[in-house]
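Please look at the sequence and the structure shown below. The paragraphs after them proceed from the whole chain to single residues.

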Amino acid sequence: GAVAAVAAQYATGECRGGAGGAPPTLLDDDPNTVWRCPGDGVGEVIDFTFDQPVHLVGIRLVNGNTAVPDRFLAERRITAIRWMFADGSFFDQGFAPSESSPQEVRFPETTTALARMEILSSLPGEDEDTEADSVSISSLEFLARA
């Protein structure tokens with residue numbers, strides 16, 4: 001059925017591999033910003049919190065760095081993310097690593113005030129330099145029934 005974006009209020013987390021993009025960039029609805037962490041990203045976690053419980057039915061995400069020209073294929077792309085919710089339920093989202101447009105996944109409705117994202121796997125980019133050895137997410141939307 002029809003869905004509408006639901007905004008998380010806060011995004012928190014730190015890149016284990018050092019300096020990276022701030023998680024709040026995932027909430028700013030700005031196509032020129034990107035969340036980015038050095039390395040393969042496996043085990044990186046971001047917590048998204050909502051002011052009150054929401055009824056989520058899906059997530060829409062732009063995988064990789066689409067904010068900087070010519071970086072999408074050069075950098076790593078995420079191939080799987082686990083989404084965990086306050087009630088202990090979770091959902092694994094797989095990605096087509098060569099797709100730079102939004103990828104959407106739907107799941108059974110869950111009511112939650114917390115969504116935790118954990119990166120499970122990524123694919124190396126075409127550029128082997130140190131700067132390109134990073135995972136990125138360009139855009140993220142939580143979805144509820146419209």
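The explanation that follows begins with the overall fold and then turns to individual side chains.

The model examined here is a predicted one. The protein chain contains zero helices and eight strands. A reader who follows the sequence from its start therefore meets the pattern β-β-β-β-β-β-β-β.

The overall dimensions come next. The C-alpha trace of the protein chain spans about 40 × 30 × 25 Å along its principal axes. What radius of gyration does the protein chain have, and what would a compact globule of 146 residues have? A compact globule with that number of residues would have a value near 15 Å, and the 14 Å of the protein chain agrees with this.

The contacts and the surface add to this picture. Of the contacts in the protein chain with a separation of 6 or more, 77% are between residues 24 or more positions apart. Buried residues make up 42% of the 146 residues. The accessible surface of the protein chain comes to about 7200 Å², and carbon and sulfur atoms account for 50% of that surface.

Charged side chains deserve separate attention. The protein chain carries 10 positive and 23 negative side chains. The centres of these two sets lie 5 Å apart. In the whole structure, a search finds 10 salt bridges.

One of the residues that take part in salt bridges is Glu-75. Glu-75 is located in the loop between strand 4, residues 45–63, and strand 5, residues 77–85. Is Glu-75 buried or exposed? Its relative accessible area is 2%, and because buried means under 20%, Glu-75 counts as buried. Apart from its neighbours within four places in sequence, Glu-75 is in contact with Arg-36, Asn-65, Gly-125, Ala-132, Ser-134 and Ser-136.

With which residues does Glu-75 form a salt bridge? One partner is Arg-36, and the closest N and O atoms of this pair are 3.0 Å apart. This pair links distant parts of the chain, since Glu-75 is in the loop between strand 4 and strand 5, whereas Arg-36 is in strand 3, residues 35–38, and the two are 39 residues apart. Another partner is Arg-71, with the closest N and O atoms 3.4 Å apart. Arg-71 is also buried, with a relative accessible area of 16%.

A further salt bridge joins the side chains of Arg-106 and Glu-104, with a distance of 2.7 Å from N to O. Arg-106 is partly exposed, at a relative accessible area of 39%, and Glu-104 is partly exposed at 37%. Elsewhere, salt bridges that share partners join Arg-36, Arg-71, Glu-75 and Asp-127 into one network.

Strand 8, residues 134–145, offers two neighbouring positions for study. Ser-139 is found in this strand, and so is Leu-140. How do their surroundings compare? Ser-139 is partly exposed, with a relative accessible area of 29%, whereas Leu-140 counts as buried at 9%.

The contacts of the two residues can be read in turn, leaving aside neighbours within four places in sequence. Ser-139 is in contact with Arg-60, Leu-61 and Val-62. Leu-140 is in contact with Leu-26, Phe-48, Ile-59, Arg-60, Leu-61 and Trp-83. Leu-140 and Arg-60 are 80 residues apart in sequence, and their C-alpha atoms are 5.8 Å apart in space. The C-alpha atoms of Ser-139 and Ile-81, which are 58 residues apart along the chain, are separated by 14 Å.

The final part of this explanation concerns the backbone at two positions in loops. Asp-29 lies in the loop between strand 2, residues 10–12, and strand 3. Its phi angle is near 55 degrees, which is a positive value in a residue other than glycine. Asp-29 is exposed, with a relative accessible area of 75%. Asp-70 is found in the loop between strand 4 and strand 5. The phi angle of Asp-70 is near 70 degrees, again a positive value in a residue other than glycine. Asp-70 is exposed, with a relative accessible area of 74%.

Note on methods
Residues numbered from 1 in each chain as written. Heavy atoms only, no water. Helix = DSSP H or I, 4+ residues; strand = E, 2+ residues; numbered from the N terminus. Rg over C-alpha atoms; globule rule 2.2 N^0.38 Å. Buried < 20%, exposed > 50% of the residue type's maximum accessible area, 1.4 Å probe, protein only. Contact = heavy atoms within 4.5 Å. Areas by Shrake-Rupley, 256 points an atom, 1.4 Å probe, with all protein chains shown as cover. Lys, Arg positive; Asp, Glu negative; His and termini not counted. Charge placed at Lys NZ, Arg CZ, Asp CG, Glu CD. Salt bridge = Lys/Arg side-chain N within 4 Å of Asp/Glu carboxyl O.
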